[in-house]
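Dear colleague,

Please find the structure below, together with its sequence. A summary of what was found in it follows.

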Amino acid sequence: MAGSTFQTNPYDLYKLLEECQSGILQLPDFQRSWVWDEERIRSLLASISRSFPVGALMTLNSGGSVNFKPRPVEGAPAEAKNTLPHSLLLDGQQRMTSMYQVTLRGKVVETVTPKNKKVKRWFYIDIRKALDATVDREEAIVGVPEDRRIRTDFGREVVLDLSTPENEYKALMYPVTQVFDWDRWQDGFDQYWRGDSNESVRETFRKFKREVLENFKYYRVPVIALDRSTSKEAVCVVFEKVNTGGKPLDAFELVTAMYASEGHELRKDWYGDDGYKGRHRRFVDTLRPAGSEAGIIANVSNTDFLQAISMFYTRERRREAERAGKTGKELPAVIGNRQALLNLPLTAYKQYEKQVESGFMQAAKFLHMLHIYRIFDLPYQSQIVPLAAIIADIGDAWEHEANRVKLVRWYWNGVFGELYGSAVESRIARDFMEVPRWLQGGQEPTTVSETIFRADRLKTMRMRLSAAYKGMNALLMQEGAQDFRSGQKFDHTVFFGENVDIHHIFPQDWCKRHGIKPAVFDSIINKTPLSYRTNRIIGGVAPSEYLAKLEKGDKQTPAIERNRLDTYLRSHLIEPEILRHDDFEKFMSERQNHLLSLIEKATGKTPYKGVEQEDGVDIDADEDAVESEMVISSDCQENA
């Protein structure tokens, strides 16, 4: 049985802080700065002063396969940078940096107030309050300004002056910079309070030393020490599962640290810096509509980007193995999982980064072509990764009609097969391998061949969380749906200019009055893309009434000739006469068949019309959560 790759031992807090100061204990250079605010520092000091646990630390012994560029704890002396660390602090940076800053460093601490104002503070312990059992210990921890004088709100009167040791002695305010070495301060204190009449004050300090200061001196911290044989993946899991200092670090942060040891600033590539727009900003701005904060690929993450690159890299490794005559299980897998990201060499990243970036930007163009314009309407965020990788692989050939038709078909099979909802890593890699071969005349990819769309699924697609729901909306616009009022097709300009969203055909108020349940009338069958103004005209009346209103027109809306309005309705796959007769049941049956035909056209697959039940049952949302009338999203409101 394999031995453990870690040990758990208690360490003296003071020794750990000394190692931070000397550089023996450093941080992996994730370039994430120390950010603790004044309140959290006070809380940490209060806990340690009472010997309360503040959580375990985790370290990684240096010299193993996980080669991170180290950096000293913030505020450590310059010589610490020239020290080769024995171990790196993986979890506990904020706590250890806070304690080092307020104790051993011996300099004023730069922190932030609860109002998010940058300030400089010295920290003190109010001796009397610390010994008063009725006072919360945090109230005994005091942060004072850089000049060590606390003033009234208007700054005119000094209410506490700690600018000299004598003033500290007089006020019984103990400096936190001395919590591990109190002899000299105590000598001065005893001298200040000399004489028999002040024996009780001197005894107060001795009690404070026993009950508070010795808690600092003898405080021990549990440290989980990973040995140097720990794998990259294990280190990544550690960050994801046990990091307690805020947002857990992910694979991107670890790759950043590994590339930093080779002199490359990965974070700068992604986030940019002064005067340089990083890749993330470029993605946010790609096809960003005027007045909107973000374009369709704005939510592509840094790990999504690395995942696409890793598939190119692992595919090349596989091809090399094939050229070397290897077969079957000897061939390395094409993967984009966490392990692949952690094993992605800097040379491979540099080789493919521009090609993959172009792929994501072209993917945005592809999605707009399918009338998917907003992140809110994107069926699957995860499907952008294989889409971008495939387009990056085939280049401009994606725009050739034969390739584009197949790529569109693959995309809609992924959406209506609802295949990108979970456990997507293997599917992403499989599509990356199979779709380009298919475009060159090879076998149909499994995402296409495996797709089954059940006819009854349309009835249960009611909420915006459903990828197929969003896909149906985009398909209607792609098919040429025209607004009931204006007759405009929903291209990019109309979509944003007219605040287009998905709305009920039989209004929810009418349905409720006629005893139809939300589970029925909220189905995608009873919804279609319409402009905000058109939806306001529809209101909550019967279809026959709002159609008559559209035909008649008013001061703001010209009258619409009946045959023309019928054309608009048919563009939404609605039978006009059924709608004019307010026949809800017949409407639902007929439109379901039309929508199924549209899905069949998009996927190339006939929807399954069997009667056996799918596993599980549909969950009915409560009245407040049912998405009846779509709320115009914030970016639409900006354009209104």
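**Cavities**

Searching the whole structure, which is a predicted model, turns up three cavities of 30 Å³ or more. The second largest cavity holds about 60 Å³ of space. Its lining consists of Leu 13, Leu 44, Ile 48, Val 54, Gly 55, Leu 57, Arg 95, Met 96, Met 99 and Val 221. Two elements, helix H2 (38-49) and helix H3 (93-102), each give two or more residues to the lining of this second largest cavity. The largest share, three residues, comes from H3. By class, eight of the lining residues are nonpolar, one is polar and one is charged.

**Helix packing**

Two packed helices are described by the angle between their axes and the distance between the axes. Three such pairs are reported here, and H17 and H21 each appear in two of them.

Helix H15 (residues 346-369) packs against helix H17 (residues 401-416) at an angle of about 80 degrees, with their axes 12 Å apart. The two helices are therefore roughly perpendicular to each other. On the H15 side the contact involves Phe 366, Leu 367 and Met 369, which meet Arg 404, Leu 407, Val 408 and Tyr 411 in H17. The residues of this contact divide into six nonpolar, no polar and one charged.

H17 also packs against helix H21, which spans residues 467-479. The axes of H17 and H21 come within 8 Å and cross at roughly 140 degrees, which means that H17 is oblique to H21. Here Trp 412, Val 415 and Phe 416 in H17 meet Ala 467, Ala 468, Gly 471, Met 472, Ala 474, Leu 475 and Gln 478 in H21. Eight residues of the contact between H17 and H21 are nonpolar, two are polar and none is charged.

H21 in turn meets helix H29 (residues 584-603), the two axes coming within 11 Å and crossing at roughly 80 degrees. That crossing makes H21 roughly perpendicular to H29. From H21, the residues in contact are Met 472, Leu 475, Leu 476 and Glu 479; from H29, they are Arg 591, Leu 595, Leu 598, Ile 599, Lys 601 and Ala 602. This contact of H21 with H29 comprises seven nonpolar, no polar and three charged residues. Met 472 and Leu 475 of H21 thus take part in the contact with H29 and also in the contact with H17.

**Salt bridges**

Side chains of opposite charge can pair when their charged atoms come close. In this model the count comes to 36 salt bridges. One of them joins Arg 279 to Glu 357, whose closest N and O atoms are 2.8 Å apart. Arg 279 lies in helix H12 (residues 279-285) and Glu 357 in H15, so the pair ties together parts that are 78 residues apart in sequence. H15 thus takes part in this salt bridge through Glu 357 and in the packing with H17 described above.

With kind regards

Methods
Residues are numbered from 1 along each chain as its sequence is written. This is a predicted model: local features need pLDDT of at least 70, side-chain atom pairs count only at pLDDT 80 or more; totals for chains, interfaces and linings use all residues. Side-chain values use heavy atoms; hydrogens and water are left out. Axes are lines fitted to C-alpha atoms, for helices over the stretch in contact, and angles run from 0 to 180 degrees between N-to-C directions. Helices (H or I, at least four residues) and strands (E, at least two) are DSSP runs, numbered from the N terminus. Angles under 35 degrees count as roughly parallel, over 145 as roughly antiparallel, 65 to 115 as roughly perpendicular and the rest as oblique. Contact means heavy atoms within 4.5 Å. Ala, Val, Leu, Ile, Met, Phe, Trp, Tyr, Cys and Pro count as nonpolar, Asp, Glu, Lys and Arg as charged, and the others, Gly among them, as polar. On a 1 Å grid over the protein atoms alone, a cavity is a set of points where a 1.4 Å probe fits but cannot get out, and a pocket is an open set with protein on both sides within 12 Å along at least five of seven lines; lining residues have an atom within 4 Å of a point. Grid points are joined across faces, edges and corners, and a volume is the space filled by probe spheres set on the points. A salt bridge is a side-chain nitrogen of Lys or Arg within 4 Å of a carboxyl oxygen of Asp or Glu.
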